[in-house]
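Here are three short exercises to work through at your own pace. Take a look at the sequence and the model, then follow each solution step by step.

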Protein chains: 2
Amino acid sequence: MSAIGNGTNIFWHECPVGKSERQKLLDQKGCVVWITGLSGSGKSTLACSLSRELHAKGKLSYVLDGDNLRHGLNKDLGFKFEDRTENIRRVGEVAKLFADAGLICIASLISPYRKDRDACRAMLPDLSFIEVYMNMPLELCEERDAKGLYKLARAKKIKGFTGIDDPYEPPLNCEIELSLQDGVCPPPGTMSGRVVTYLEEKGFLEDK
Amino acid sequence: MSAIGNGTNIFWHECPVGKSERQKLLDQKGCVVWITGLSGSGKSTLACSLSRELHAKGKLSYVLDGDNLRHGLNKDLGFKFEDRTENIRRVGEVAKLFADAGLICIASLISPYRKDRDACRAMLPDLSFIEVYMNMPLELCEERDAKGLYKLARAKKIKGFTGIDDPYEPPLNCEIELSLQDGVCPPPGTMSGRVVTYLEEKGFLEDK
């Protein structure tokens, strides 16, 4: 046990079972796959497809869905600027815990601002934050409009909606970018396959 | 995908890989072991010993330590009444996510108020919240004073310290109570053994 920040009287407890032991047990390496993109760009679909594919390989993953977390951990937060930042910070902190637990944590949330995503990246050990950018045209997302939110945003019944009257800042250096192929959206399995290949190549699907 | 609370425009995404698939993969059942008690009562020691013993059995657990989380997820919170409640609520929400991920989540924090602990219990599916009460005498905890906090509290350099000038409300119906045996504190292995036996008897260490 060591003292950090005496003023606040909070100590740090180290446990003999650590990340490396858990990774060995799971035969994988903990990491965060952070899926960012517009509403309707297919983040949740990719998250599901990816978790299915990893499960089929005997790998343990867990999806942190931005919308779902707003019913629990983040239910005290709204959609104003500070709240969105705090929402993303908390998801980042929880994702970090899951990665530390040895899981492949799949975080799926719009996370429109570069600064907020980079803050989450900075929380994680080097290379274990894998940013996946769903680079789909606004027109396509708006056409899908599975949740009917674009319609509401265009009618000004929702304010500050990403892509309509609030900016989306595309990643500058993401690990994986998924976009249209010959003008059409690749099937979910193709997209999750890209991520699985990345994870395999970087050694996350084994503990060696 | 289903709409909940239209007013807030948040949807709920179901994923085909669910808790039962993850439990099968891990051959265990997700749950929360919530360790409550005074500062110095041995919560962290029990958490460590328990995670070690579970790991030796090939079971995946993860410790959420109240102090450690105050450096990350809960670093925006202090020690005033509302902040302590919010601190515990967030730990409860995260513990719930870990249990849903299939892990045996070991939460270790003073959590002095019954109401806050019961709110966490209410978040979890029936029987999967296992409250462990470290029922150690204040005198013993104060004598240990590993962090030097009782000394500060007695000198009134810390205010609202549990057991000194803030109440600890013992559980009324906890699943496991650990206390002195013949006037001495049982060794950590004996105490974690009690918890492991409980988990075994209730079927948490297999997926059947």
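A residue counts as buried under 20% relative accessible area, as exposed over 50%, and as partly exposed in between (1.4 Å probe, protein chains only). Strands (E, at least two residues) and helices (H or I, at least four) are DSSP runs numbered from the N terminus. This is a predicted model, where local features need pLDDT of at least 70, side-chain atom pairs count only at pLDDT 80 or more, and totals for chains, interfaces and linings use all residues. Residues are numbered from 1 along each chain as its sequence is written, chains are lettered from A and ligands numbered from 1 in the order in which they are written, and side-chain values use heavy atoms, leaving out hydrogens and water.

**Exercise 1.** Describe the surroundings of strand β6 (residues 129–135) of chain B.

Step 1: check the cover. Six of the seven residues of β6(B) are buried.

Step 2: find the neighbours; two strands pair if DSSP finds at least two bridges between them. Strand β3 (residues 31–37) of chain B lies parallel to β6(B), with six bridges, and B:W34 is partnered with B:E131. Strand β7 (residues 176–179) of chain B also runs parallel to β6(B), joined by four bridges; here B:Y133 has B:E177 as its partner.

**Exercise 2.** Work out how chain A relates to chain B.

Step 1: superpose the copies by least squares on C-alpha atoms of residues with pLDDT of at least 70 in both. A turn of 180° with a shift of 0.0 Å along the axis lays chain A on chain B, at an RMSD of 0.0 Å.

Step 2: name the relation. This is a two-fold axis, and A:V94 has the chain A C-alpha nearest to it, at 3.6 Å.

**Exercise 3.** Summarise residues 29–178 of chain A.

Solution: this stretch is 41% helix and 18% strand, with its end C-alpha atoms 23 Å apart.
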